[in-house]
Amino acid sequence: MQEKLIAGLTSSYGNLLGQQYLKWLKMPPSYLRVMQSIDYRKGMYAAQQIKANQQIMLISTEKCFTSVEFSGCDTRKSQELQTIASQIAHKICGGKVEQQYLVTGLLKIIMQIFVHQKDQSLTNSPFANMIQPPNTPLLWPQTVIDLISSRNLASLIEGTLLQCQSMYNELQLSKVYGLTALEFLKLFQAVRASLICFNPQKPKYFDMQSVQILCPLVYQFDHSFDPNCYLDGCYLSHENMSFVDFSAKKQIEPGDKLTINYGNLSNHDLLMRHGIMVDDNPYNEMPIDLDFTTAINYTEQLFEQKQKWLRQSEITNIERQSLYNNKINVQLLQYLRIYFLTEQEFSKNPLLEFNSFQEKISEDNEFLVKQFMIQNIKNVLSTYKQISKPIGKELQDLYKIQKDEMTILQNNLTFFNK
């Protein structure tokens with residue numbers, strides 16, 4: 001089976017690096033085990049029927065980069081780099097323990113890949129040399145960046161680039177040299193896009209007990225919110241070997257593309273991490289900055305009472321909220337009904353409680369909420385620039401992400417107009 005897979009992959013890797021990668025991938029044979037017939041055509045397709053829960057492929061963790069150990073380093077150097085990664089993550093993430101753990105693993109894998117790219121004699125250097133970042137907004141040319149109207153996308157790009165720059169600067173201060181800022185950015189993007197976590201047998205989006213793994217061939221499986229395959233961890237005690245296990249989630253017919261779920265993410269997150277987007281994405285949402293300057297006089301009315309109610313709300317930052325495509329943000333609606341409550345209305349309804357604002361309080365109150373949201377949505381819509389006849393992937397992605405945002409805004413505008 002693996003010979004057929006390798007033969008299929010070989011046809012798409014014509015360069016020397018690709019040939020070295022394929023030779024490395026199948027040696028020794030026990031490290032790559034293909035149980036089902038796969039047709040490779042710039043993706044993975046089933047060449048035969050695969051039943052649910054059948055194993056498709058096993059890849060030894062010896063062929064992977066992990067957050068557990070530093071491959072390509074002696075014990076002293078490994079401990080030194082572990083300390084550097086932990087200190088940088090602590091400095092950047094502060095008291096956010098989960099984020100600190102994730103960044104530590106990310107840095108450890110980035111440094112391993114860099115070492116293997118520079119030293120061709122190391123075991124996993126063929127894999128390291130094949131790792132490429134997806135085409136995400138972090139790597140878009142300035143001509144495309146200048147056309148961005150989406151405040152949210154611009155903020156995501158700026159925030160991620162600042163985080164990357166901070167990590168890179170700290171590496172330089174820690175005397176980890178030889179890596180340029182652009183090289184680090186590309187490795188950051190490539191690792192973040194391909195990283196999977198296991199705890200200890202099942203992959204998780206993130207968990208404090210998880211092991212982060214960068215595995216060959218993962219990106220040959222396309223994304224789907226309803227995938228036909230899943231990733232798992234597999235330990236064969238009789239061989240004392242650990243594997244990344246690709247198995248069928250449901251029955252797969254011949255010719256079906258093999259897919260996994262990259263995560264239940266919005267198109268913003270899919271684009272930033274993986275350079276892809278999904279039509280009619282059910283997880284799409286649109287962050288919006290609300291302007292209360294024209295409604296500041298409502299803050300003073302019933303201030304103490306409103307604060308008492310609002311402390312029961314899950315909203316911590318009212319000025320930045322999310323709008324959804326096919327549903328209303330009910331928490332935001334409840335918050336605004338409280339915010340625009342007047343002393344006169346409260347005198348008529350003195351028994352109002354926090355949960356009372358899940359429903360309409362009065363016509364006047366609902367009108368104020370409606371006008372406030374309509375004005376804010378219109379203000380945001382007016383900032384978008386039209387991109388005519390987008391040519392090239394970057395412009396097409398920018399056009400689509402901004403179209404997604406405008407659709408969410410228009411849907412919410414229609415709701416509030418009603």
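**Exercise 1. Find which residue follows helix α3 and describe its phi.**

Solution. Start at the end of α3, where G94 comes next. The phi of G94 is positive, near 65 degrees. Helices here are DSSP runs of H or I with at least four residues, and strands are runs of E with at least two, numbered from the N terminus. Keep in mind that this is a predicted model, in which local features need pLDDT of at least 70, side-chain atom pairs count only at pLDDT 80 or more, and totals for chains, interfaces and linings use all residues. Residues are numbered from 1 along each chain as its sequence is written, and side-chain values use heavy atoms, with hydrogens and water left out.

**Exercise 2. Check the span of helix α3 against its number of residues.**

Solution. Step one: α3 covers residues 75-93, which is 19 residues. Step two: the expected span is 1.5 Å times one less than the number of residues, so α3 should span 27 Å. Step three: the end C-alpha atoms of α3 are 27 Å apart, which agrees.

**Exercise 3. Sort residues of α3 into buried and exposed, and explain the pattern.**

Solution. Buried means under 20% relative accessible area, exposed over 50%, and partly exposed in between (1.4 Å probe, protein chains only). First, the buried residues of α3 are S78, L81, I84, A85, I88, A89 and C93. They cover an arc of only 135 degrees around the axis, so they lie on the same side of α3; the arc is that of the directions from the helix axis to the C-beta atoms. Here is the rule to remember: an α-helix has 3.6 residues a turn, so residues three or four places apart point the same way. Next, turn to the other side of α3, where T75, R76, Q79, Q87 and K91 are exposed. Finally, look for the cover: α4 (97-118) and α7 (151-173) are among what covers the buried residues of α3.

**Exercise 4. Decide where the model deserves caution.**

Solution. Use pLDDT, the predictor's confidence in each residue, from 0 to 100. The protein has a mean pLDDT of 87, and 92% of its residues reach 70 or more. Among its elements, helix α14 (residues 363-381) has the highest mean, 95, and strand β7 (residues 202-203) the lowest, 44. Over residues 200-205 the pLDDT is below 50, yet this stretch has 15 contacts in the model beyond near neighbours in sequence (contact means heavy atoms within 4.5 Å). Where pLDDT is low, the predicted coordinates should not be read in detail.
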